[in-house]
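Q: Could you take a close look at one part of this model for me, the nonpolar core and the helices around it? I'd like one connected walk-through, with some idea of how far to trust it.

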Amino acid sequence: MPAPSLHAAHDPLLLAAHAAGDASGAELERASALVATCPECARLHRDLRALPLALASAPAPSRPRDFRLTPEQAGALRRPAGWRRLLAPLSGARSAAGPLAASLAALGLAGLLLGSGLNVGFPGGSATSALAPQAASSGETAANGGATGNFDTATGANSGAGGPAVVPSEQWAMASTAPSAAASAAASAAASSGPIAVVSSAASAAPSAAAPMATGAPIAPSPGDKTSTTTGGSTADATSAPASSGEANFAPARPAPSAAPAVPAPSQASSGPSPLVLLGFALLMAGLVLGILRIAARRLV
Amino acid sequence: MLDSPRLTIAIRGVEPVVEPVRQVDAVDQAHRRDLILLEQARDGSLDAFNGLVELYQDHLFALVVRMVPDRDQASDAVQEAFFSAYRNLRSFRGGSVRSWLSRIAINAAMDQQRLRKRRPAQPYPELEDDSWQPPAGPDADPERTAIGLERGRVLHAALAAITPDQRHAIVMFDVEGFDYQEIAELTGVSLGTVKSRIHRGRLALRDRLAGSMSLFRGDEG
């Protein structure tokens, strides 16, 4: 039993933990023993339990002023500072930024889908989209067979593909070296410019996997067409020589000695993606950027 | 039928439940009122926000003045807290508006305290003025009022004399009713540190109140 004179040796923190209800186990037993046997510890324990009650009930000084906001203060607080001011118009609950962003993105998406859909469904671009994977796969086959491609033919084939974002140019390069791929590439190059007969002539010139697809196109070819004959010749040239009509289209500054000089203009009209796809992409990007800015504004401003 | 014992038992069984339900209703109504005011303030109504200010400015000042031992600085901290609340109305994520405002005020008080460390001020220079007079009702007992006033003075003087960390933890725990975990999150320290600050702070308070503890001993239930 601890004597009162030994109180100085007792642990006040233990008693404080006990008074707060935080002591447990051996600590609780020790603290309880101290409170039970040491009058000083018992008094300290009693005071420590009384203090929180006193604190909670103690009166506080009266507030010196009214803290309501004046309209001027509220106006100043509502105005965002610095860069937040730029985002502020987008953050309002009634801001048109959200619907506008959604509309732009939807329009852009629709434009993209419509643009690529037109490429599939119509002759202007159907051959390009439909044949692109075909040519790529046949190009791989040709590469496996030992065929070698070069960059010039790649550009030539690319013009036919009309979709550089879909198939890498290396694949197109390989594709154009193989007879079947060259046929399809030339066909698509010509087809994208308009004359449909090219598909048929190319397909007939190079009986390959691409041919059935080309001949199976919804618009029937005209074998007797003059353009068809010419393009068929150019296809043959493109098959034998790397520089095709596509090169004349994409890299006119580069001389192509082996290219047939008789390559006509049709491929020059098919340069890059359609305006509808470009417009759709731009609208989609604008919608996405506006949407991101709107979210940022709502979170930060 | 009406005087059957079962009916009496049923009535007796209902009676104790009525009072808590009323209390819960009152709390719910206050909570709903706060949320409505907050929503209106979010929509741009300054009157609605000032309604919240009117409701809670006394509470917040009483809280902050215990944490910041200078009345003017406490006043600035409360004003800054309301400014911050107005600026960040959108950051309210539900729950109790009172608790949300208290947290903002505590943060403002701690910021004010950090500022004060750089520019020390005389703690409680106005201890003797009339601002410490608690509002007295018509049926207030003058003796009790005087004792209460004296308790408030010595307690606040003792609070001002302990370390700011201990003071903040004690005020948040004993006055505002936050639990250890909430205080740890608000102050950015561990649970053990919070407990230690509260235990040591109470011991320090008791040391400083050694001559006046008789004023408080009657409060213990």
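**The core and the helices of chain B**

A: Keep in mind that this is a predicted model. Its largest nonpolar core has 66 residues, and those with the most contacts inside it are L60(B), V64(B), V78(B), A81(B), A105(B) and A109(B). Helix α2 of chain B, residues 46-67, gives the largest share of this core, with 11 residues. For a feel of the packing, pick A109(B): leaving aside neighbours within four places in sequence, A109(B) is in contact with V64(B), M67(B), V68(B) and A77(B).

Now step back to the chain around it. Chain B has 8 helices and 0 strands, so its pattern along the sequence reads α-α-α-α-α-α-α-α, with helices and strands taken as DSSP runs. Of its 221 residues, 32% count as buried. Take the contacts in chain B between residues at least 6 apart in sequence, and 67% of them join residues at least 24 apart.

The partner is helical too: chain A has 15 helices and 0 strands. Of the 301 residues of chain A, 43% count as buried. In chain A, residues 24 or more positions apart make up 72% of the contacts with a separation of 6 or more.

On to where the two chains meet. The contact takes 43 residues from chain B and 33 residues from chain A. On the chain B side, the elements giving two or more residues are α2, α3 (71-87), α5 (142-161), α6 (164-175) and α8 (191-208). Helix α2(B) turns up again here, with the largest share of that side, 11 residues. By type, the chain B side splits into 22 nonpolar, 8 polar and 13 charged residues.

Helix α8(B), one of those contributors, is worth a stop of its own. Helix α7 of chain B (residues 180-187) packs with α8(B) at an angle of about 105°, their axes 9 Å apart. That makes α7(B) roughly perpendicular to α8(B), because angles of 65 to 115 degrees count that way. Where they meet, α7(B) brings Y180(B), Q181(B), I183(B) and A184(B), while α8(B) brings L191(B), V194(B) and K195(B). Those residues divide into 5 nonpolar, 1 polar and 1 charged.

Further along, G201(B) lies in helix α8 of chain B. G201(B) is buried because 24 other C-beta atoms lie within 10 Å, and the cut-off is 20 or more. Leaving aside neighbours within four places in sequence, G201(B) is in contact with I162(B), Q166(B), R167(B), A169(B) and I170(B). The C-alpha atoms of G201(B) and D165(B) are 8.6 Å apart, although 36 residues separate the two along the chain.

And how far to trust it? The mean pLDDT of chain B is 81, and 76% of its residues reach 70 or more. Among the elements of chain B, α8(B) has the highest mean pLDDT (95), whereas helix α1 (residues 5-42) has the lowest (70). Over residues 5-16 of chain B the pLDDT is below 50, and this stretch has 1 contact in the model beyond near neighbours in sequence. Residues 122-130 of chain B are also below 50, but that stretch has 12 contacts beyond near neighbours in sequence. Where pLDDT is low, the predicted coordinates should not be read in detail. For the complex, the predictor gives an ipTM of 0.73 and a pTM of 0.52.

Terms used
Residues are numbered from 1 along each chain as its sequence is written. Chains are lettered from A and ligands numbered from 1 in the order in which they are written. This is a predicted model: local features need pLDDT of at least 70, side-chain atom pairs count only at pLDDT 80 or more; totals for chains, interfaces and linings use all residues. Helices (H or I, at least four residues) and strands (E, at least two) are DSSP runs, numbered from the N terminus. A residue is buried if 20 or more other C-beta atoms lie within 10 Å of its own, exposed if 12 or fewer, and partly exposed in between; C-beta atoms are placed from the backbone. Two residues are in contact if their C-beta atoms, placed from the backbone, lie within 7 Å. A nonpolar core is a set of buried Ala, Val, Leu, Ile, Met, Phe, Trp, Tyr and Cys residues joined through C-beta atoms within 7 Å. Ala, Val, Leu, Ile, Met, Phe, Trp, Tyr, Cys and Pro count as nonpolar, Asp, Glu, Lys and Arg as charged, and the others, Gly among them, as polar. Axes are lines fitted to C-alpha atoms, for helices over the stretch in contact, and angles run from 0 to 180 degrees between N-to-C directions. Angles under 35 degrees count as roughly parallel, over 145 as roughly antiparallel, 65 to 115 as roughly perpendicular and the rest as oblique. pLDDT is the predictor's confidence in each residue, from 0 to 100.
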